[in-house]
Amino acid sequence: MEVNIEKTLLMCKSFMKEVKIWGCLKQTGVSLRYMMEFGSNPTQKNLLISAQFLHKELPIRIARRAIELHSLPHGLSHMPPVLKVRHWYLDSFREIISFPEIKNMNDEKEFTELIKAIKVRHNNVVPTMALGVQQLKNVFEDPDEIDEFLDRFYMSRIGIRMLIGQHVELHNPNPPPNCVGYIHTNMSPVNVARNASEDARSMCYREYGSAAEVRIYGDPDFTFP
């Protein structure tokens, strides 16, 4: 029994060492323009290149978040919701680095299914993290301290989900009009603002029985990716 416990501890130390090694590597920035140009022709070759890139890039980004979740101030790292989120990141990291080298389209398909499942696993990260912060909201003397972490954490999360979602969506045989993967090439800011205001008004009506009128000014014909 003692041998098994010692072996488990050694494996955990070895795993966390690998997380730290990956977390120290430099992540590769990917612009929206590049993703749009690359995804405009989703050939098998491009899908294979994309999968090979994600196989190396995602562990770096995921490891960084796992490390950061382990070193938060005021005991936040030890809150059950935060521990749960960290375990999700560690599980995802383990699965990706355990996946063998991607050499052909069969490998690419298997890898795509893996990262699809990882994306689903992380669906509830935002409300779960919010719960952990809520439980400690009176502890923070300087709200900016936790705000900076959350801004950084959520921006990174958006980047990870964008990379995964873009790759997965490039497999869609019937993409929506004006879309390259996740990217809408003809997006209207006026329409986005209008939809957001309508959502907010609906919530206000549901919660309070009334909602302020929202007026949106702008050129509805102006669009950009």
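**Exercise 1. Aromatic pairs**

Task: In this predicted model, how many aromatic pairs does the structure hold? Then classify the geometry of Phe153 with Tyr154, and of Phe222 with Phe224.

Solution.
- Step 1. The count is eight aromatic pairs.
- Step 2. Take Phe153 and Tyr154. Their ring centres are 5.7 Å apart, and the planes make an angle of 70°. Planes over 60 degrees apart count as edge-to-face, so this pair is edge-to-face.
- Step 3. Check the burial of both partners. Phe153 has a relative accessible area of 0%, so it is buried. Tyr154 is partly exposed, at 22%.
- Step 4. Now take Phe222 and Phe224. Centre to centre they are 5.8 Å apart, with 45° between the planes. That angle is neither under 30 nor over 60 degrees, so the pair is tilted.
- Step 5. Both of these rings are partly exposed: Phe222 has 46% relative accessible area, and Phe224 has 36%.

**Exercise 2. Ring neighbours**

Task: Which residues form one aromatic cluster with Phe153? Which ring lies under the charged end of Arg94?

Solution.
- Step 1. The cluster joins Phe153 to Tyr89, Phe149 and Tyr154.
- Step 2. The charged end of Arg94 sits over the ring of Phe15. The distance to the ring centre is 4.3 Å.

**Exercise 3. The buried side of helix 2**

Task: Which residues of helix 2 are buried, and where do they lie around the axis?

Solution.
- Step 1. Helix 2 covers residues 32–39. Its buried residues are Met35, Phe38 and Gly39.
- Step 2. These residues cover an arc of only 90° around the axis, so they lie on the same side of helix 2.

**Exercise 4. Helix 4 against helix 5**

Task: What is the relative direction of helix 4 and helix 5, and which residues meet?

Solution.
- Step 1. Helix 4 spans residues 80–98, and helix 5 spans residues 105–121. Their axes come within 10 Å and cross at roughly 175°.
- Step 2. Angles over 145 degrees count as roughly antiparallel. The two helices are therefore roughly antiparallel to each other.
- Step 3. From helix 4, the contact involves Trp88, Asp91, Ser92, Glu95 and Ile96. From helix 5, it involves Phe111, Leu114, Ile118 and Arg121.
- Step 4. Look at Ser92, which lies in helix 4. Its relative accessible area is 0%, so Ser92 is buried. Beyond its neighbours within four places in sequence, Ser92 contacts Ile62, Ile118, Arg121 and His122.

**Exercise 5. Val125 and its contacts**

Task: Is Val125 buried or exposed, and which residues does it contact beyond its sequence neighbours?

Solution.
- Step 1. Place the residue. Val125 is in helix 6, residues 125–135.
- Step 2. Its relative accessibility is 0%, so Val125 counts as buried.
- Step 3. Leave aside neighbours within four places in sequence. Val125 is then in contact with Val85, Trp88, Tyr89, Phe153 and Arg157.
- Step 4. Compare sequence and space. Val125 and Pro80 are 45 residues apart along the chain, and their C-alpha atoms are separated by 13 Å.

**Exercise 6. The whole chain**

Task: What is the order of helices and strands along the protein chain, and what share of its residues is buried?

Solution.
- Step 1. The protein chain has eight helices and two strands.
- Step 2. Along the sequence they follow α-α-α-α-α-α-α-β-β-α.
- Step 3. Of the 225 residues, 34% count as buried.
- Step 4. The C-alpha trace spans about 70 × 55 × 30 Å along its principal axes.
- Step 5. Consider contacts between residues at least 6 apart in sequence. Of these, 76% join residues at least 24 apart.

Terms used: Residues are numbered from 1 along each chain as its sequence is written. This is a predicted model: local features need pLDDT of at least 70, side-chain atom pairs count only at pLDDT 80 or more; totals for chains, interfaces and linings use all residues. Side-chain values use heavy atoms; hydrogens and water are left out. Rings of Phe, Tyr and Trp (its six-membered ring) pair if their centres lie within 6.5 Å; planes under 30 degrees apart count as stacked, over 60 as edge-to-face and the rest as tilted. Buried means under 20% relative accessible area, exposed over 50%, partly exposed in between (1.4 Å probe, protein chains only). A charge sits over a ring if NZ of Lys or CZ of Arg is within 6 Å of the ring centre and within 35 degrees of the ring normal. Helices (H or I, at least four residues) and strands (E, at least two) are DSSP runs, numbered from the N terminus. The arc is that of the directions from the helix axis to the C-beta atoms. Axes are lines fitted to C-alpha atoms, for helices over the stretch in contact, and angles run from 0 to 180 degrees between N-to-C directions. Angles under 35 degrees count as roughly parallel, over 145 as roughly antiparallel, 65 to 115 as roughly perpendicular and the rest as oblique. Contact means heavy atoms within 4.5 Å.
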